[in-house]
Amino acid sequence: MPGKKKVAPKAVVSKPPSKPVEVKKDESDEPKLSKSYDLLRGFRDILSEDQGRWNLIRDTVRSIAEAYSFDRVDLPILERSELFNRTIGKGTDIIDKEMYTFTDPSNRSVAMRPEATASAARAYIGHGMLDRPQPVKMWYTGPMFRHDRPQAGRYRQFYQVGFESFGVDEPIVDAQLIVIGYKIFKDLGLDVKVQINSIGTTECRQAYLAELVAYFRQHRSKLSDDDKRRLQKNPLRILDSKEEVTRELLDGAPQILDWLDDKSKEHFMKVLEFLEEVEVPFVLNPYLVRGLDYYTHTVFEFVLADDEGTKAQSALGGGGRYDGLVELLGGRPTPACGFALGMERISRALEAKGINPLERPKPHVFFAQLGDASRRVGLKLFEDFRNAGVPIAEAFGKNSLKAQLDVANKLGVQFTLILGQKEVLDETIIIRDMESGAQEIVDVKKVVGLVKKKLRHEEGVDPIMQSPVETA
RNA sequence: GUGCCUAUGGUGUAACGGUUAGCACAUCAGUUUGUGGUACUGAUAGCGAGGGUUCGACUCCCUCUAGGCACCCCA
């Protein structure tokens, strides 16, 4: 309806029938459909404006993974629900309210992965990797799904990159994983600090928890509803409560480190020593806990150094040791450790720092055509330039030379190649220097070589490798 | 999931309980036939959705949806 009232008067006002009068398409009864095709809440498109940053993250991660001999694995997005229920743990928010669980057409309960460590462990067991030389080191990247309430840096579909190391319980493994994560941030130009803690084995944690609960029970009346709930459901979480009262109470509360058995303590101390050795800045945070059930011993987070964790979503990644996970899934008892980083949070941090690499190298040459004969030649010429490694832009869809030069200008190319009817017949082409406006006519067969040479002349710009970093 | 704030063309914004919702940028076309950057002309395009209140709502109220912030949680 809204469309129609505008169409009518326009047709009347419009020019003489130089162009055939358009038959009015009757779309008046069409409801406004666009809204029903809107993105699902918490889902989003990552457009080319962001792809430069994403590429940077992906490239950095990959080169570090290769340097540290981690093997790439791609794990499925859909798994049996049970895999996650078992490992992440009932009682966690991830399982209880955030997981996309549904029954598939074969009537099986499946879930879109909320994280990938469980899948990695499943793969480790399923493919008999315990019979390979240990540790088995793998890394992955891909989308994860959690039905959480969206916020900046938090989406329902989000991307993680993860590193997992199976089969070795030495503290050096924990330390090296932390180093790897730290290096990724360093290479990206981000300043992060490592927050670290140990939550020991399941056994010593149980003992500690009993003590912790007992302590807070005494002060139950002072606690907020949230913290009361935590006390009951997931007492460890009370440690990172933001309530003023609770924080004060925490000063007198039992500390997990005091409850670690000797072996756990020793393990943790060694991890810290290694970190000191490699000069990774870390902060011991006795209140750091993680939300997944499978963690044991070392737990850590990578936090943006600038805002010291005060700002939301400043935790860019985290991980820890999970010695019981493989066994829990039916494998032989196998120690393991890993971490995951949140790609959109990293991307966000990069953006905040003005790190905005171009998505692809900017072309320095533009091809302008006049007429179909010229277009045909252009199409072929394109291949020649591509084989020579010179990116070239065009606007085949435009007809006037003016419009094409306009585009070339906006792209900021150095040279425009102009090919009209005459040049096609003569087998020549015009090279126009966009800055000076100078033009020369050259043999079309030699144009690739000539342009390449010219580009190299221009302040040593390498036509192939150039990918400048723009700061916003 | 809870609380608070927000919602105008692609982007950034203006206005008002009452005529055709204004501006800038961007986009497209053109300013005589094959030459860009400036200037000019024109075009496309918007009140997130649905209900109410009112003679009349983009403007007030409600619901929904979406975004942001804090909590929850976590990457």
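This is a short talk about a predicted model of a protein chain with an RNA strand.

Okay, hi everyone. Some housekeeping before we start. Residues are numbered from 1 along each chain as its sequence is written, while chains are lettered from A and ligands numbered from 1 in the order in which they are written. Since this is a predicted model, local features need pLDDT of at least 70 and side-chain atom pairs count only at pLDDT 80 or more, but totals for chains, interfaces and linings use all residues.

So what is pLDDT? It's the predictor's confidence in each residue, from 0 to 100. Chain A averages 86, and 88% of its residues score at least 70. Then there's residues 1-35, where pLDDT stays under 50 and the model has 6 contacts beyond four places in sequence. By a contact I mean two residues whose C-beta atoms, placed from the backbone, lie within 7 Å. Residues 463-472 also have a pLDDT below 50, and that stretch has 19 contacts in the model beyond near neighbours in sequence. For the model as a whole, ipTM is 0.89 and pTM is 0.86.

Now the layout. Chain A is split into domain 1 (2-37), domain 2 (48-201 + 261-352) and domain 3 (365-470); those bounds come from an automatic or database domain assignment. Taken over C-alpha atoms, the centres of domain 2 and domain 3 are 48 Å apart.

On to the RNA. How many residues surround RNA strand B? There are 57, and the closest are Arg41, Ala152, Gly291, Gly342 and Gly420. Being near here means that the C-beta atom, placed from the backbone, lies within 6 Å of the strand. By type, that surface has 26 charged, 16 nonpolar and 15 polar residues. Charged means Asp, Glu, Lys and Arg; nonpolar means Ala, Val, Leu, Ile, Met, Phe, Trp, Tyr, Cys and Pro; the others, Gly among them, are polar. Helix H15 (residues 401-411) gives the most to this surface, with 7 residues. Quick note on names: helices (H or I, at least four residues) and strands (E, at least two) are DSSP runs, numbered from the N terminus.

Let's look at the sheet that H15 packs on. Five strands, in the order S14-S13-S15-S16-S17, make an open sheet with mixed pairing. Strands pair if DSSP finds at least two bridges between them. Why do S14 (392-394) and S17 (439-443) each have one side without a neighbour in the sheet? They stand at the edges, each with a single partner strand, so one side is left free of a neighbour. The twist averages 30° from one strand to the next, with axes fitted as lines to C-alpha atoms, for helices over the stretch in contact, and angles running from 0 to 180 degrees between N-to-C directions.

Strand S16 (residues 428-433) runs antiparallel to S17, joined by 5 bridges. Across that pair, Arg432 faces Gln439 and Ile430 faces Ile441. The two strands form a hairpin with 5 residues between them, and Gly437 in the turn has a positive phi of about 85°. On the other pairing, S15 and S16 are antiparallel over 4 bridges, with Leu417 opposite Ile431.

And the helices? H14 (residues 372-387) touches S13 (365-369), S14 and S15 (415-419), and its direction makes about 160° with that of S13. H15 touches S13, S14 and S15 too, at about 170° to S13.

There's also a sheet of 3 strands, open and antiparallel, in the order S2-S4-S3. S2 (78-80) and S3 are the edge strands, each with a single partner, so one side of each has no neighbour in the sheet. Its twist averages 35° from strand to strand. S2 and S4 share 3 bridges, and Leu78 partners Met112 in S4. Helix H3 (residues 81-88) packs on this sheet, touching S2, S3 and S4, with its direction at about 70° to that of S2.

Last up, two backbone oddities. Most residues other than glycine have a negative phi, and most peptide bonds are trans. Asn107 has a positive phi of about 65°, and sits in the loop between S3 (100-103) and S4 (109-112). The peptide bond from Gln134 to Pro135 is cis, with omega near 0°; Pro135 is in the loop between H5 (117-126) and S5 (136-145). That's me done, thanks!
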